[in-house]
Structures are given as C-alpha cells and as structure tokens.
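Me: I've got a structure here and a handful of "why is it called that" questions. Can you walk me through them?

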Amino acid sequence: AGDVSREVLLERTVVDVHPDGTADRYHRTVQRVLNESGARALDRIPLYAHPGDQEVRVLTADVLKADGTVQRARTGRGGSRGGLWVDLPPLEAGDVVDLEYRLDDLRTTFFGNYFGMNEALSPDPSLPVYESEVVLTAPPELPLAFHERNFGGVHEEEALESGGRRHTWRMERIAPLRTESLMPPAPETAPVVQASSFASWEAFGRWWWHLIEGEIRVSPEMAAKVAELTAGARSPLEKLRAVYDFVVTDIRYNAWEFGVH
C-alpha cells in the first residue's frame, strides 16, 4: 500500500534463559525502505538497556543499496550506562537495512531468580512482516509459563539433551494493522508471546507480599509512640489529629531514591 513506509523482511529474536533468571538475547531485523518516511524512521535506531543490569552490543548494522553495494554503520557497546543509538548511513527508497544486536543481562534484579518476556512478532503493527520468529531456550531449573496473544502462527517445542526445552514461535505474512479511531493500543492487538517464571498471579502475590511485608508492618516502637500520642484522645478523629500533628511537626522526610523500595 502507498501509505506503508517500510516492510519487514525478517524479524527474529533468540532468547537463552539461564537458571538464575538472567538471559542473553539476540535480535535481528531486516527491513526494506519504501519511501522518504521509512528512510527517516530508520535513520537513527535506539537500542535500550537497563543501566547497570544489562549490556547492549551491536553486531551488524548494514545497508544494502539497490546497486548491490553495502554500507556499514559504526557498531559498539552500550556499556553499563544503558542503551545506544545506531546511526545508519543516509537511506533512500529501495535500501535494505540489516540490523543485528545482543542484549545480555549482567546480573539478577530484585525479583531474584525471575524471568519474564513480552515479545511482539512485529516491530510495528502498521508494517507488513514477511517472516517473524521467536526462539526461547528454557533450562529445567526454571519452569516457565507461556501465554500467546493474537498469535496465528506455529508453536514448536523441542526437548534438549540438557533437560531444558526449546520453544519456537513462527508467523509469516503478517498483514499491517488497519488503524481506526479510538481503537485499542498496539500492545492489545499485535501478535505477542509472553513467558514468566511466575506460574500464576497467586505466586506473584506471594513474592510481592514477601517484598513489602517489612515495610508496612507496624513495629513495637511505632505502636508505643502511637499509644503515647493518643492517650488523651476521646474520638477516632482526635487520635488521627494527634498522630498527624506529630508527623508533620516532628518528622522530616528526605527522599533517598535508591534500592528496591
């Protein structure tokens, strides 16, 4: 269609999950520029990484020109400070962009031995996709629960000698989504594969309570202070006013924004 700025020839993601919940991710996207709008969209491509916890590294950033020549962009690492930008050579209609990169976890997060994935099979629902594939290798030490949404392709599962399993989701000829006024956002309508080491919301709830329990329980010292402040109060409102007056006059709050809480 004339309003499509570029087309995705290949979208491939490979995720290797480790027993501690960290993962190494390989991603490749091959896109053909169809007009000036598509050239602008691919001029600079952002690659994101969580600072301190992940590292992103570009493997290939090539532009295949119509005459068969190849132009290469500079590649590099994002390091511990976060993501980076891939600055491609000037693009024009007919150019094919081939981008490969890795995103590796450097350490576990406060979630502990947890893994989660929310991988779309299309980088942009407004673009046609000819071939898309998500491959995930899961270790036996970390059972995973899977969920497919708007997925109309093939899911294959293979047992590995290590005891783990390899899952492959594949779709072909994904048509661009026709946008309408007030329609749901793209994450609700695009084909997505999800995975989590939490088998249920109850399992997540137990983890969450363990995380926050110590922050919301009243300590014996706090209970004693409240009893002291409300000793002469005759109603719930007077008790509330006594505690409030103490907090706003005798306690200074400083925001130390580090750590899980």
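**Salt bridges and surface**

Reply: Sure, let's start with R28, which is partly exposed at a relative accessible area of 26%. Keep in mind that this is a predicted model.

Me: Why is R28 called partly exposed?

Reply: Buried means under 20% and exposed means over 50%. R28 has 26%, so it falls in between and counts as partly exposed.

Me: And what makes D98 buried?

Reply: D98 has a relative accessible area of 17%. The cut-off for buried is under 20%, so D98 gets that label.

Me: How do you know that D98 and R28 form a salt bridge?

Reply: The rule wants a side-chain nitrogen of Lys or Arg within 4 Å of a carboxyl oxygen of Asp or Glu. For D98 and R28 the N to O distance is 2.8 Å, so the pair qualifies. D98 sits in strand β7 (residues 96-105) and R28 in strand β2 (residues 23-33), 70 residues apart.

Me: Why do R170 and E156 count as a salt bridge?

Reply: Their N to O distance is 3.9 Å, and the limit is within 4 Å, so they count. R170 belongs to strand β12 (residues 165-174) and E156 to strand β11 (residues 154-159), so this pair ties together parts that are 14 residues apart in sequence.

Me: Are R170 and E156 buried or partly exposed?

Reply: Partly exposed: R170 has 25% and E156 has 42%. Both values lie between 20% and 50%, so that's the label they get.

Me: What makes R12 and E133 a salt bridge?

Reply: Their closest N and O atoms are 2.4 Å apart, which is within 4 Å, so the rule is met. R12 is in strand β1 (residues 6-17) and E133 in strand β9 (residues 129-138), so parts 121 residues apart in sequence are tied together. E133 is buried at 9%, whereas R12 is partly exposed at 31%.

Me: Which residues are linked with R12 in a network of salt bridges?

Reply: E133, E156 and R170 are linked with R12 in that network.

Me: How many salt bridges does the rule give?

Reply: The count comes to 17.

Me: Last one: why is Y244 called exposed?

Reply: Y244 has a relative accessible area of 52%, and exposed means over 50%, so the name fits. Y244 is found in helix α5 (residues 236-250). Together with V247, V248 and I251, Y244 makes a nonpolar surface patch of about 370 Å².

Conventions. Residues numbered from 1 in each chain as written. Predicted model: local features only at pLDDT ≥ 70, side-chain atom pairs only at ≥ 80, totals over all residues. Heavy atoms only, no water. Helix = DSSP H or I, 4+ residues; strand = E, 2+ residues; numbered from the N terminus. Buried < 20%, exposed > 50% of the residue type's maximum accessible area, 1.4 Å probe, protein only. Patch = residues over 30% accessible without salt bridge, like charges linked within 9 Å, V, L, I, M, F, W, Y side chains within 5 Å. Areas by Shrake-Rupley, 256 points an atom, 1.4 Å probe, with all protein chains shown as cover.
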